[in-house]
Amino acid sequence: MVEGWRNGFREATNSKPLFVTIYATVIIGVLVSSFYVFSAIYSPTNGSTSWLSSPPLSTAGRIRQHPQENVTFQSPVVPPPPRALPLPSPEEAEGKSLGKIWVSPPRDKKMPPLESFKLTKELFGERVKDNVIIVTFGNYAFMDFILTWVKHLTDLDISNLLVGAMDTKLLEALYWKGVPVFDMGSHMSTVDVGWGSPTFHKMGREKVILIDSVLPFGYELLMCDTDMVWLKNPLPYLARYPEADVLTSSDQVVPTVVDDSLDIWQQVGAAYNIGIFHWRPTEPAKKLAKEWKEMLLADDKVWDQNGFNEIVRKQLGPSVDGDSGLFYAYDGNLKVGILPASIFCSGHTYFVQAMYQQLRLEPYALHTTFQYAGTEGKRHRLREGMVFFDPPEYYDAPGGFISFKPSIPKSLLLDGKHTIESHFTLVNHQMKQIRSALAIASLLNRTLVMPPIWCRLDRLWFGHPGTLVGSMTRQPFICPLDHVFEVNIMLKELPEDEFGPGIGIREYSFLDNPALPKQVKESWLDVQLCQEGKEGCEASNITSPSGFLKFPKRSNEDTFKAIFSSFNDVKVIKFSSVEDAFTGFSDKAKERFRRRVKRYVGIWCCEENKTPGHIYYDMYWDEKPGWKPVPPQTPEEDHPPV
């Protein structure tokens, strides 16, 4: 499925028009992803599973799921509140027997020569604990992801970690922050890379070369991509399977177990995902790593994950024993286990299905696969889950914030069948309110806290019946922002003379984040819209005795600016509603705003048995009489709305 940075390629990570990416999305999604996804979804051994509301399940034995009828609706799935993510103090992050992390070297001390950061057994040995080392790697463009990765591990009192730097800029930055780092000698560019690019493939090869180099040291290696975070110490779990040569995560979206045992390998049809996998320095594992490396070096067109799956799947089975969940693979000697997708989560099992929550399990890991809008989409997903490390200024933006309470009629959310039409009716109703909120945020020069968006249908890269068959996706559900909006475009700097001023956004969980500083939490203005002409409803900056401000509906630019200029020092302005709040911009500003926000929305994908099957969202759907959610009927129609 979707791994690492490859969604950036599929979902317009740059400013190119969205329609250019559509065919790439369809072709690559189908060819690379669909085989494993369809085999996982439509395997005859997989039944449909609904939300389980039973008490916590025993983990003493393997519990298999049974088909049940779908539950129409349950309350929103929100991850449990995580810890705030400020930089830890040295005392917090000190390893039990290893050197301290997050302790910066003295500034008057000269940085050691690059040669001292080379990958050696001695360098790794300085960070090993209980013969295990946890490693990620990347370039400077992913430094914030790397800091988040390290922060979660040190919060879990894990210090046997190392970061591979693919460029000297990252190596130097991590060294001065007190993060254990080694030089991968890659000499890579410091900028973001797109999925499928030569640089992307180089990163994959560097991972395989690294694994092949480290295993002979005799250490167990827990290898991680930078776009994942640890939520619970995984080492005790991995130690439960001492006979395993390799334990790997997967792109499985249908549960095969409902406890914390390994996934049932015979029922896993999805790709093994190499974003999280654990290697032991056994001869079968070393042999696998060597052959995998040789395959990739011999053909620079082979994607590292596809190569891993091809080699490992040369032979599947039999089971090692009747209880552990391990099985023989590759050459018949390699012992493999598949980490349960419910708790070693993909972007789908965590954000869309919330499988761990429905099964009353504690998640160990979250990997931002199954998402859109490239690196920006991954970062926003982690922020929605309140598990991303951001600097303090992120939580106290200049100009302050604006939020609003969405208004959604029960009929749009719950009544009728979950169809393409009912999905778009629900999303469009919310989109119109978001459009108004974006306008008000732009007018007041404030950052908009996006609302949670309710969806009736899932989004994928191929035709489907609304949700993945056999998955635990509940309808309706709060969908990630990148299901509807092009997050990368929303965050991209666009020329102001053409698109008007930029509009900052924050994730829907922003105001609930424990990292929100006191000065923001305590600086709040509630605004209640009222009908002008009714008693007490007039344009005034005088708040009520209880502290809220009444503000007339259908106010113009001048009224907004005149009233809210009195509250420039207030950090958060929250509107009870934004429906009919603003009459609109003047002509010049209006056109620039329209030009900007039209680019913000993406596609829904995809209607079954249709080519193309994607449908464009339209920010101004309500201005087009008779608008209907249908795929493009001709190649000429296959472009974003104008």
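**View 1. Strands E18 and E20 pair in this predicted model.** Four bridges join E18 to E20, and the two strands run parallel. Aspartate 526 faces lysine 574 of E20 across this pairing. E18 covers residues 524-530. E20 covers residues 572-575.

**View 2. E18 also pairs with E19.** Five bridges link these two strands, which run parallel. Valine 527 sits opposite leucine 549 of E19. E19 spans residues 548-552. Strands of a sheet pair through backbone hydrogen bonds, either parallel or antiparallel.

**View 3. E13 pairs with E20.** E13 is made of residues 401-404. Four bridges join E13 to E20, again in a parallel arrangement. Isoleucine 402 stands opposite isoleucine 573 in E20.

**View 4. Six strands form an open sheet with parallel pairing.** The strand order is E17-E14-E13-E20-E18-E19. The edges are E17 (505-506) and E19 (548-552), and each of these strands pairs on one side only. Within the order, E20 stands between E13 and E18.

**View 5. Helix H19 lies across E18, E19 and E20.** The helix consists of residues 557-564. H19 runs at about 165° to E19.

**View 6. Strand E7 is largely enclosed by the rest of the structure.** E7 comprises residues 272-279. Eight of its eight residues are buried, so the strand is largely enclosed. E4 (residues 220-224) is joined to E7 by four bridges, and the two run antiparallel. In that pairing, cysteine 224 stands opposite isoleucine 276 of E7. E6 (residues 246-250) is joined to E7 by five bridges, also antiparallel. Here valine 246 has tryptophan 279 of E7 as its bridge partner.

**View 7. E5, E12 and E11 make an open sheet of three strands.** The order is E5-E12-E11, and the pairing is mixed. E5 (228-230) and E11 (344-345) stand at the edges with a single partner strand each, so one side of each has no neighbour in the sheet. E11 pairs with E12 (residues 365-367) over two bridges, in the parallel sense. Phenylalanine 344 is opposite alanine 365 of E12.

**View 8. Aspartate 458 is buried and has no salt bridge.** This residue lies in the loop between E15 (453-455) and E16 (477-479). The nearest side chain of opposite charge belongs to arginine 381, 7.2 Å away. A salt bridge needs a side-chain nitrogen of Lys or Arg within 4 Å of a carboxyl oxygen, so arginine 381 at 7.2 Å does not supply one. The side chain of aspartate 458 does make a polar contact, at 2.6 Å, with the side chain of histidine 348.

**View 9. Aspartate 458 touches residues from elsewhere in the sequence.** Leaving aside residues up to four places away in sequence, its contacts include His348, Val352 and His464. Gly466, Thr467 and Leu468 are also among them. So are Phe477, His483, Trp604 and Cys605. His348 appears here as a contact and is also the polar partner of aspartate 458.

**View 10. Helix H10 is mostly covered.** H10 runs over residues 304-312, and seven of its nine residues are buried. Asp304, Gln305 and Gly307 are among the buried residues. Phe308, Asn309, Ile311 and Val312 are buried too. An α-helix has 3.6 residues a turn, so residues three or four places apart point the same way.

Key: Residues are numbered from 1 along each chain as its sequence is written. This is a predicted model: local features need pLDDT of at least 70, side-chain atom pairs count only at pLDDT 80 or more; totals for chains, interfaces and linings use all residues. Side-chain values use heavy atoms; hydrogens and water are left out. Buried means under 20% relative accessible area, exposed over 50%, partly exposed in between (1.4 Å probe, protein chains only). Lys and Arg count as positive and Asp and Glu as negative; His and the chain ends are not counted. A polar contact is a pair of N or O atoms within 3.5 Å; within protein, one must be able to donate a hydrogen and the other to accept it, and residues adjacent in sequence count only if both atoms are side-chain atoms. Contact means heavy atoms within 4.5 Å. Two strands pair if DSSP finds at least two bridges between them. Axes are lines fitted to C-alpha atoms, for helices over the stretch in contact, and angles run from 0 to 180 degrees between N-to-C directions.
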